[in-house]
Amino acid sequence: MRKMLLLIVASIAVLPLGATAASWFTAMEPGYFTESGTLFTDSQSGVGSNDLPMGTVIELSNPATGRSTVTTVIDTLPELPEGRDLAVTGATADLLGMLDTGLADLKISVIREGTIRKSKPENTGWYFFDLGVYEDTDSLALFYGRLRDNGLRPYIEIEEDGVHLYVRHVMAYQLESADNRIALSGLEPPEPQSEPNPYL
């Protein structure tokens, strides 16, 4: 597959898009399927994007390391932090020399645009709660533990300015109970936001 992509680079005009803030991502739970229908593995090359259709072949360059690679959009990522447009798999991050830093300003060029666009419904029946970013890891650990003790599913995401805390995978009929349990954990319950069905 990689040889095929390199041949495409040589034979198709590259359309520059400019630079974009990117991070790398991994599956929080085993058995995660990408939006393109493939089972996610950290060793695969790939990109998650909310703007480019799946199947789009792109060249990514990291000016900070001088490395570049050709890869394909395999997933959509509705929960990307604000200001971040792209997420790459661990294998792609390693090729670009950004595995340790976690973040990079990448130059992106479209080689061939994909044709698969999947629209996500406004309301999937599943919700998450954004509980904010914590710089104090002691407070984060305290609230994380309380949320788990109260029967919720807390998740964390490392960011530049701290650690983002969420409660995820809440079904519609559980919203009122989740509100109460978040409050019981000592936090102000935020407005729930729709998220993809984790089992699809």
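Residues 1-17 keep a pLDDT under 50 throughout, and there the model has 25 contacts beyond four places in sequence. Keep in mind that this is a predicted model. Across the protein chain the average pLDDT is 81, and 81% of the residues score at least 70. With that in mind, here's a tour of the chain.

**The big picture**

- The protein chain has four helices and 10 strands.
- Starting at the N terminus, you meet the elements in the order α-β-β-β-β-β-α-β-β-α-β-β-α-β.
- The chain has 200 residues, and 40% of them count as buried.
- Take the contacts between residues at least 6 apart in sequence: 75% of them join residues at least 24 apart.
- The chain's accessible surface is about 11300 Å², and carbon and sulfur atoms account for 53% of that.

**Helix α3**

- Helix α3 covers residues 137-149, and you can check its length with a quick sum.
- At 1.5 Å a residue, the 13 residues of α3 should span 18 Å, and the C-alpha atoms at its ends are indeed 18 Å apart.
- Which residues of α3 are buried? They are Leu140, Phe143 and Leu147.
- Those three cover an arc of only 75° around the axis, so they sit on the same side of α3.
- What do the buried residues of α3 pack against? Their partners are β7, β8 (154-159), β9 and α4.
- Turn to the face of α3 pointing away from the buried side, and you'll find the exposed residues Asp138, Arg148 and Asp149.

**Helix α4**

- Helix α4 runs over residues 175-184, and its buried residues are Leu175, Ala178 and Ile182.
- Looking down the axis of α4, you'd see these buried residues fall within an arc of 55°, so they line one face of the helix.
- They pack against β7 (126-134), α3 and β9.
- Over on the other side of α4, Glu176 and Leu184 are exposed.
- Just after α4 comes glycine 186, which takes a positive phi of about 95°.

**The salt bridge**

- How many salt bridges does the count come to? The answer is one.
- Its partners are the side chains of arginine 168 and glutamate 195, which meet at 3.0 Å, N to O.
- Arginine 168 belongs to strand β9 (residues 162-171) and glutamate 195 to strand β10 (residues 193-195), so the pair ties together parts that are 27 residues apart in sequence.
- Are arginine 168 and glutamate 195 buried or exposed? Both of them are buried.

**A residue with a positive phi**

- Most residues other than glycine have a negative phi.
- Histidine 169 has a phi near 60°, a positive value in a residue other than glycine.
- You'll find histidine 169 in strand β9.
- Its relative accessible area is 8%, and under 20% counts as buried, so histidine 169 is buried.

**Three loop residues to look up**

- Threonine 65 sits in the loop between β3 (57-62) and β4 (67-75).
- With a relative accessible area of 35%, threonine 65 is partly exposed.
- Leaving aside residues up to four places away in sequence, threonine 65 touches Leu96 and Gly97.
- From threonine 65 to leucine 96 it's 31 residues in sequence, but 7.2 Å in space, C-alpha to C-alpha.
- Threonine 115 is in the loop between β6 (103-112) and β7.
- Threonine 115 is exposed, and its relative accessible area is 73%.
- Which two C-alpha atoms are separated by 6.2 Å, though their residues are 62 apart along the chain? They belong to threonine 115 and proline 53.
- Glutamate 160 lies in the loop between β8 and β9.
- This glutamate 160 is exposed, with a relative accessible area of 68%.
- Glutamate 160 and valine 133 are 27 residues apart along the chain, and their C-alpha atoms are separated by 10.0 Å.

Methods: Residues numbered from 1 in each chain as written. Predicted model: local features only at pLDDT ≥ 70, side-chain atom pairs only at ≥ 80, totals over all residues. Heavy atoms only, no water. Helix = DSSP H or I, 4+ residues; strand = E, 2+ residues; numbered from the N terminus. Buried < 20%, exposed > 50% of the residue type's maximum accessible area, 1.4 Å probe, protein only. Contact = heavy atoms within 4.5 Å. Areas by Shrake-Rupley, 256 points an atom, 1.4 Å probe, with all protein chains shown as cover. Salt bridge = Lys/Arg side-chain N within 4 Å of Asp/Glu carboxyl O. Arc of directions from axis to C-beta. pLDDT = per-residue confidence, 0-100. Expected span 1.5 Å × (residues − 1).
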